[in-house]
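Work through the following exercises with the sequence and the coordinates at hand. Each task is followed by a solution in steps.

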Amino acid sequence: MKAAKYDLSRGFCTRDLVHILCLILMQTDVVEAVNISSPVVLIHGTVGKPTMLSVKYTSSSFDKPVVKWKLKRDKPITVVQSIGAEVIGNLRLEYRDRIKIFDNGSLLIHNLQLSDEGMYEVEISITDDTFPGEKIINLTADIPVSKPQVVLAASTVLELSEFFTMNCTHENGTKPTYTWMKDGKPLINDSRMLLSHDQKVLTITRIFMSDDDIYSCLVENPISTAQSTPIRLTVYRRSSLYIILSTGGISRKSINMDPSSTWTKEKTIQRGKVKPVHNSWN
């Protein structure tokens, strides 16, 4: 008898709970939010060219959206506000004649400037009874890199010379990164190869015959890539250096070497009389 009462009581409580939940759901208004999506969250723009910050939204309402774009700073900057594609109020001076807004909320920036770089937040709302949607898009603004040039301390060098430098220079380009190439391939790690903090300068602490090769540098940034014309570094053995005495030959001045030492040269193309000179150390 007690078991029957327990089962009946449990069934009654379950039915009551379901009934109460149904009443709550029937009396509760479902509040929908505006959903914003974007094909990308990071856009690399080129200075001087137009850049599109593309978004689209979905909503149950057919009313025109209220769109607000802000550039996040310590103090956020309002870029533009609109109802649909119609701009509300006056644009800031730096954005006049450069901003266009579309019905789907996308923002077009003409003549991109370095100062336009940053984090952009778009907010789209439809009516008072819906939650607004928000989306963040990061924009970079860069100048393409120009073709670099490798500048050598000298085009020829004696083996075992120390601290030989190569410099990768170029005129234009923001946020450059540098890669040194040897024989068309990225330079492998070597304890003799030292790079400056910005990687523009390559220093070979001690020259080996294996360093005799073709070198170039690759410069990249988020929007462009450029590579220098390959340049040859010629390495001479100290044990076989010839000093060319005739006009037009290779003299000690044209080779990166210690002026106090004279060596014999093996690789010189002899266009005149030559005189072998031996290292006084041997």
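**Exercise 1: Two residues with positive phi**

Aspartate 183 is placed in the loop between β15 and β16 (185-186), where helices (H or I, at least four residues) and strands (E, at least two) are DSSP runs numbered from the N terminus. The model is predicted, so local features need pLDDT of at least 70 and side-chain atom pairs count only at pLDDT 80 or more, while totals for chains, interfaces and linings use all residues. Residues are numbered from 1 along each chain as its sequence is written, and side-chain values use heavy atoms, with hydrogens and water left out.

Task. Describe the backbone and the accessibility of aspartate 183, then do likewise for lysine 175.

Solution.
1. Aspartate 183 is a residue other than glycine, yet its phi is positive, near 55°.
2. The relative accessible area of aspartate 183 is 45%, so this residue is partly exposed; the classes are buried under 20% relative accessible area, exposed over 50% and partly exposed in between (1.4 Å probe, protein chains only).
3. Lysine 175 lies in the loop between β14 (162-169) and β15. Lysine 175, not a glycine either, has a positive phi of about 50°.
4. Because its relative accessibility is 40%, lysine 175 counts as partly exposed.
5. Beyond its neighbours within four places in sequence, lysine 175 is in contact with Glu117, Thr140, Ala141, Asp142, Glu220, Asn221 and Pro222; contact means heavy atoms within 4.5 Å.
6. The C-alpha atoms of lysine 175 and isoleucine 223 are 9.9 Å apart, with their positions 48 residues apart in sequence.

**Exercise 2: The surroundings of strand β19**

Task. Which strands are joined to β19 by bridges, and in what sense do they run?

Solution.
1. Strand β19 spans residues 213-221, and seven of its nine residues are buried.
2. With strand β15 (residues 177-182), β19 forms six bridges in the antiparallel sense; two strands pair if DSSP finds at least two bridges between them. Tyrosine 178 has valine 219 in β19 as its bridge partner.
3. Strand β21 (residues 231-236) runs antiparallel to β19, and three bridges join them. Here aspartate 213 stands opposite leucine 233 in β21.
4. Strand β20 (residues 224-227) is likewise antiparallel to β19, with four bridges. Glutamate 220 is matched with threonine 225 in β20.
5. The connection from β19 to β20 is a hairpin through two residues.

**Exercise 3: Two open sheets**

Task. What is the strand order of the open sheet of four strands, and which strands stand at its edges?

Solution.
1. The order is β12-β14-β18-β17, and the pairing is antiparallel.
2. β12 (149-152) and β17 (193-195) stand at the edges; each has a single partner strand, so one side of each lacks a neighbour in the sheet.
3. On average, neighbouring strands of this sheet are turned by 25° against each other, direction ignored. Axes are lines fitted to C-alpha atoms, for helices over the stretch in contact, and angles run from 0 to 180 degrees between N-to-C directions.
4. β17 pairs with strand β18 (residues 201-206) over three bridges in the antiparallel sense, and leucine 194 stands opposite threonine 203 in β18.

Task. Repeat the analysis for the open sheet of six strands.

Solution.
1. This sheet has mixed pairing and the order β2-β11-β10-β5-β6-β7.
2. Its edge strands, β2 (42-46) and β7 (86-87), each pair on one side only.
3. Strand β6 (residues 77-83) and β7 run antiparallel and are joined by two bridges; isoleucine 83 has glutamate 86 in β7 as bridge partner.

**Exercise 4: Valine 41**

Task. Where does valine 41 lie, and with which residues is it in contact?

Solution.
1. Valine 41 is in the loop between β1 (35-37) and β2.
2. Its relative accessibility is 48%, so valine 41 counts as partly exposed.
3. Apart from neighbours within four places in sequence, valine 41 is in contact with Lys135, Ile136, Ile137 and Asn138.
4. For valine 41 and isoleucine 136, 95 residues apart along the chain, the C-alpha separation is 6.9 Å.

**Exercise 5: A charge and a ring**

Task. Over which ring does the charged end of arginine 192 sit?

Solution.
1. The criterion is that NZ of Lys or CZ of Arg is within 6 Å of the ring centre and within 35 degrees of the ring normal.
2. The charged end of arginine 192 sits over the ring of phenylalanine 208, 4.2 Å from its centre.
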